[in-house]
Amino acid sequence: MNTYNQHTAVIQDGFETYFAEKLWEMIPAFYRAEDGLSENPGVLRSIIEIMARQAANLRRSSDRLWEDQFIELCDEWAIPYLADLLATRLVSAQNPRGRRADVGSTIAQRRRSGTLLLLEQLISRITDWDGTVKEHFRRLARTPHGLDPESRGWPQHAHDTPAGGTANLRSPRISELLDGPFSSYHYTPDVRQLRGKDGRYGIHKIGIYLYRLKAYMLRQVDPFPQLGHPEFNGTRFTFDPSGRMNPLFRPRQRVENWNQWRGAFEWELPAAIPCRLLGHAIYSVREQHIQLLQDDHGLTDAAASDLRRIRQQIFVNEYRFQEVLESLPNAVELTSLAIYLPLLAAALIDNCGKSALMREAIMVDFGGVEGPIATEQTLSANLSAPVTTAPDEKRLLIDPERGILQVLGGALEEAPTVSYHYGLAGNVGAGSYDRRSIDDLEVDRNIAGGGAIASIQLPNDGVARIRDSRTYGPISNKISVRNLHLFAANRTRPYIRLGSNWRLSTGANTESFATLDGLWLGASAADTAVIFQGDYECIQINHCTFDPGGDTDIFGDPIHPVSLVIEAQVDQLIVNASILGNIHIQNGGLVEELIICDSVIHSIDPTVSAIEQPLGSAQIDRTTIFGAVNVHRLFASEVLLTEIATVTDTQTGCFRFSMAPTGSRLPRPYPHAPMSFSDSSHWFTSRRFGDPGYAQLSETSPEELQRGAENGSEIGVFHQLANPIKADSLRNKISEYLPFGLLPQFINVT
């Protein structure tokens with residue numbers, strides 16, 4: 001059987017060795033002996049090995065003849081031939097996943113051509129994004145008819161907009177849904193082409209809403225406490241361990257079985273969670289709920305009779321539900337905490353935002369006996385200002401838009417832990433995404449539970465693993481690094497808070513190695529850096545975040561950046577899929593070769609360069625750099641520079657398929673898009689680290705930037721996502737299956 005090692009990308013079937021020895025045995029012994037004694041020994045053996053490689057390829061192709069007849073198993077070269085048999089349009093070869101999925105589903109797609117089910121399937125299959133399709137002609141205003149069904153605001157909304165009528169202005173939050181796929185407003189026809197928010201609603205228009213951001217799950221995180229505040233007294237926290245007020249994200253919760261397809265609810269699509277959605281609670285009492293209360297909680301027959309009077313009714317919020325309970329004859333019993341809390345838990349329906357999000361997206365654990373806080377004891381709230389009153393039965397307030405939680409009922413004996421989701425466009429920086437390649441490492445030290453990291457836990461020559469996403473710090477310096485590998489376990493994101501500079505020195509050792517993988521390093525003081533000293537052959541920083549700062553915490557204090565400082569002699573410094581602050585080589589340090597790929601380098605101080613490398617060469621690929629760049633020699637490809645770049649040696653190096661402001665000193669101009677601009681801030685959805693759209697190109701960024709890469713994709717850190725290529729593939733397939741006469745409109749929600 002053929003075996004394939006995904007880490008080395010080498011086929012290990014032994015065919016080449018087998019055929020080489022087989023052919024070598026066919027050569028007369030005399031010629032084999034002469035080949036070893038000739039002036040250029042081994043020439044005949046080399047020819048045999050070349051023939052053996054071709055024989056091995058032929059054998060592999062022969063073995064795969066059967067597999068190449070099936071789209072799920074075939075090689076890439078066979079996909080166009082299978083597509084020809086089905087007479088389907090192929091999507092771009094730059095989107096191999098979408099191409100294979102499209103050909104494999106062609107017959108099923110033709111059977112469902114023109115349906116909303118198929119259009120939403122295409123979004124998932126072709127692009128791997130989430131999305132929903134809305135018929136905009138159904139959102140056109142019209143005169144209400146007497147036969148229109150009565151709007152009940154269930155299960156998705158509670159603002160009761162009449163079908164085809166005007167908005168219910170009594171619902172104060174109805175405008176939050178404006179211009180989105182779940183808007184309840186009705187519109188007059190707009191015949192213009194789609195441009196921003198104009199031209200969406202018309203008789204022939206259908207809206208395809210795309211959710212391109214990904215949701216990443218974090219478990220058992222230490223929230224950042226707001227201590228010493230007279231009003232909160234240690235009861236208010238941010239979900240983010242650095243103290244940032246970042247929005248919480250909701251994960252994808254769509255039904256995986258497309259045969260059970262239905263239109264998506266708002267909480268089933270990955271996006272930031274509004275306070276309105278977390279507070280969207282719908283209650284309905286059923287007979288089994290009443291029986292449960294009688295059997296387990298001592299509900300009297302009289303109170304049960306009262307509940308049966310409101311059985312099967314729909315209550316669109318907890319306030320309305322409580323108001324009705326208080327109007328019943330046995331209101332005292334029904335509103336007592338012993339009955340009211342389990343009643344809330346049982347009557348909350350599944351198809352509402354609070355039920356879905358508190359079950360899948362957010363969890364707060366107080367630890368000890370109390371454990372995770374129940375949904376019925378949680379309330380969504382705007383915590384931008386102090387909350388002075390809250391219902392007695394509530395234990396926790398959550399503001400998902402700011403990522404803040406507040407505990408009610410006094411300070412806790414121990415700090416809680418939280419589990420939640422954050423959003424980002426792709427796998428960059430420290431994160432809870434899959435890094436399964438590290439699972440093969442043999443671990444010498446395991447670190448868990450948070451707190452300080454002592455020097456003995458970091459071997460000078462060995463591997464240390466942080467097993468969870470807790471908060472750590474301080475971390476001890478190392479003075480005799482030989483081969484240190486410190487990494488976070490797969491799908492975790494530990495946060496290490498530095499109180500001062502963290503120094504990693506080789507001491508008397510030479511040609512040392514150091515690797516940091518999957519760590520988020522923050523600072524509690526200004527001018528904090530990770531400093532490498534001594535003599536290194538290679539330093540690797542993979543999937544790490546050195547906090548770029550540029551924000552304030554819940555106290556209003558600045559969050560300080562963490563710099564990478566090299567004061568050592570380094571042959572090779574590799575930065576891969578990371579988010580870093582400044583990179584400076586100083587105090588006699590030297591990096592002969594700096595390699596940066598698929599990363600973000602962010603300097604929040606306009607007077608400080610993002611990269612400062614006076615000597616050596618820099619190879620930068622598929623990277624976004626916020627800040628100036630000063631290097632000696634530069635080789636760049638698919639790089640986006642927002643500030644002036646100065647390269648000392650312009651006779652060597654290359655700057656290809658990249659973008660830099662006019663006035664930059666660059667080597668060897670190659671196809672790229674130099675532009676004269678004074679403000680590039682609108683190029684990005686956000687420049688604030690922690691926002692879901694951080695470093696993501698916005699829709700107002702130049703076309704040369706969105707499609708300026710060598711393969712037609714975008715320039716910068718998210719180049720490998722191939723978003724423009726996926727979008728083109730989706731447009732082609734939508735046009736193939738869309739009903740005749742309808743105009744598709746592609747709208748990026750996030």
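**Exercise 1. Cysteines and disulfides**

At 19% relative accessibility, does cysteine 654 count as buried or exposed? Work this out in the predicted model, then find how many disulfides there are.

*Solution.*

Step 1. Buried means under 20% relative accessible area, so cysteine 654, at 19%, counts as buried.

Step 2. Now look for a partner. The closest cysteine sulfur to that of cysteine 654 belongs to cysteine 597, and because the two are 17 Å apart, they are too far from each other for a bond. The cut-off to keep in mind is a pair of cysteine sulfur atoms within 2.5 Å.

Step 3. Apply that rule and the count of disulfides comes to zero. Cysteine 544 is likewise in no disulfide, with the nearest cysteine sulfur, again in cysteine 597, lying 13 Å away.

Step 4. Check the surroundings of cysteine 544 as well: its relative accessible area is 1%, so this residue is buried.

**Exercise 2. Backbone oddities**

Which residues does a cis peptide bond join? Where does aspartate 598, with its positive phi, lie? Where is the place of glutamate 638?

*Solution.*

Step 1. Go through the omega angles. At about 0 degrees, the bond between glycine 473 and proline 474 is a cis peptide bond. Proline 474 belongs to strand E18, residues 471-475.

Step 2. Turn to phi. Aspartate 598 is not a glycine, and yet its phi is positive, about 50 degrees. You will find aspartate 598 in the loop that runs between strand E31 (590-597) and strand E32 (600-602). With a relative accessible area of 12%, aspartate 598 is buried.

Step 3. Glutamate 638, also not a glycine, has a positive phi of about 55 degrees. Glutamate 638 sits in strand E34, residues 629-641, and is buried, at 6% relative accessible area.

**Exercise 3. A helix pair**

How do helix H1 (residues 15-26) and helix H3 (residues 43-63) pack, and at what angle? What is the handedness of the crossing?

*Solution.*

Step 1. Start with the axes: those of H1 and H3 are 8 Å apart, and the helices pack at an angle of about 130 degrees.

Step 2. Classify the angle. Over 145 degrees would count as roughly antiparallel and 65 to 115 as roughly perpendicular, so H1 is oblique to H3.

Step 3. The crossing of H1 and H3 is right-handed.

Step 4. List who takes part. H1 contributes residues including Phe15, Phe19, Leu23 and Trp24, while H3 contributes, among them, Ile48, Met51, Arg59 and Asp63.

Step 5. Sort the contact residues by type: 11 are nonpolar, seven are charged and none is polar.

Conventions. Residues numbered from 1 in each chain as written. Predicted model: local features only at pLDDT ≥ 70, side-chain atom pairs only at ≥ 80, totals over all residues. Heavy atoms only, no water. Helix = DSSP H or I, 4+ residues; strand = E, 2+ residues; numbered from the N terminus. Buried < 20%, exposed > 50% of the residue type's maximum accessible area, 1.4 Å probe, protein only. Axes fitted to C-alpha atoms, helices over the stretch in contact; angles between N-to-C directions. Parallel < 35°, antiparallel > 145°, perpendicular 65-115°, else oblique. Left-handed = near helix turned anticlockwise from the far one by under 90°. Contact = heavy atoms within 4.5 Å. Nonpolar A, V, L, I, M, F, W, Y, C, P; charged D, E, K, R; others polar.
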